[in-house]
Amino acid sequence: MSFLSKIFGKSSQVSQTNIPFDNPIQVEFHSHLIFGVDDGCQTIEQSIELIKGFAAMGMRKIITTPHIMSDFYKNSKDNLFPLRDQIRAELKLQNIPIEFDVAAEYMVDDGFERKIAEGNLLTFGPNGKHILIELPFMNEPPNLSSALFELQIAGYQPILAHPERYPFYNNERTKFHELKDRGILFQLNMLSCVGYYAKQVQEAAQYLVNNRLIDLVGSDAHHIKHQQILQDVLQNKLFHKVCEAELLNNNL
Ligand SMILES: [Fe+2]
C-alpha cells in the first residue's frame, strides 16, 4: 500500500496512475540538504541519504537551497560553501555520481532589500542570476513589490517558491497572474500534487498547472519522509500534466 493510500484511503487513487512514467526532471533545485543550517537535514548522513535518493530518481544535478532569513537562519556563502564542499567530498568518496551545489531560499522579510543592495546573493542558473524567494505564510509582505523591482533592475530573475502554499492567495488568484505578468517565475512543490500539505494547496496547484503558470518544479525536501512521498508524486496525474509544460529545470 502506498503512502498516499495509507493517509487518504481510496480517493487519492483517483489522481494516481500505474502507467510507467520516466521522471523527466534532471535538475532538482529546491531542497534543504545542507546539514545543520536550517530545518532540513541535521547530519551529513541524512544529507547523503537524500542525495542518493535523488540520484536514484535520475537527477544529474542538485542545487540545494537552505533558508536565509534576517532573524532566524542567518546563512551566507561563508558558512554554506565549506559545508557544500564537505558533502561533495563525501559524495566522491562514496562514488555517487551527481553534481551538487548550493544556493538559497531567501525570505522576503525586512532585511531582504538590504541584502539585494549589498549584492553577494546566492544565485544559480545559466547566467548565475536566478534567485529563489519565499514569502511568509501569514501575510503577503508589504515590501514584496519593491523587493521584486529591486531584484529585477539589478538583473536577477526571481523564482517564487511554492506559490500554491500561500493561504493569502487562495481567494485572490488574480495575484498569480499579476506576478507572472511582472516576469516572476513560479516553482511548484512536487508534494503539492498529491495533497501532502492541505487540500487548498492541492487545489491552488491544480489552478496553477491548468493555467500553465508553472515554470519549474522542486521537491522542497527537508527529510527522508518527503523523499519517500516523491515516489507517489511520480505516479500522479497532476505531476504528469505539469511535466507536459516546458519546464526550465533541466536548463539550470
Ligand atoms: Fe524550501
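This passage describes the pairing of strand S2 with its neighbours and the state of the cysteines in a predicted model.

Strand S2 spans residues 61-64. In a regular strand, side chains alternate between the two faces of the sheet. In S2, Lys61 and Ile63 point one way, whereas Ile62 and Thr64 point the other way. These residues, Lys61, Ile63, Ile62 and Thr64, are all buried.

Strand S2 pairs with strand S1, which comprises residues 27-28, and the pairing is parallel, over two bridges. Within this pairing, Val27 lies opposite Lys61 of S2. The connection from S1 to S2 passes through helix H2, residues 44-56, and forms a right-handed β-α-β crossover. Strand S2 is also joined to strand S4, formed by residues 99-102. S2 and S4 run parallel, and four bridges link them. Here Ile62 has Phe100 of S4 as its bridge partner. Lys61 and Ile62, which point in opposite directions from S2, thus appear in the two pairings described: Lys61 stands opposite Val27, and Ile62 is partnered by Phe100.

The cysteines were examined next. A search of the whole structure returned zero disulfides. Cys243 takes part in no disulfide, and the nearest cysteine sulfur, that of Cys193, lies 8.1 Å away. Because a disulfide requires two cysteine sulfur atoms within 2.5 Å, the 8.1 Å between the sulfurs of Cys243 and Cys193 does not qualify. Cys243 has a relative accessibility of 15% and therefore counts as buried, the limit being under 20%. Cys41 is likewise buried, with a relative accessible area of 1%.

Definitions and conventions:
Residues are numbered from 1 along each chain as its sequence is written. This is a predicted model: local features need pLDDT of at least 70, side-chain atom pairs count only at pLDDT 80 or more; totals for chains, interfaces and linings use all residues. Side-chain values use heavy atoms; hydrogens and water are left out. Buried means under 20% relative accessible area, exposed over 50%, partly exposed in between (1.4 Å probe, protein chains only). Two strands pair if DSSP finds at least two bridges between them. A crossover is right-handed if, with the strands pointing away from the viewer, the path from the first strand over the helix to the second runs clockwise.
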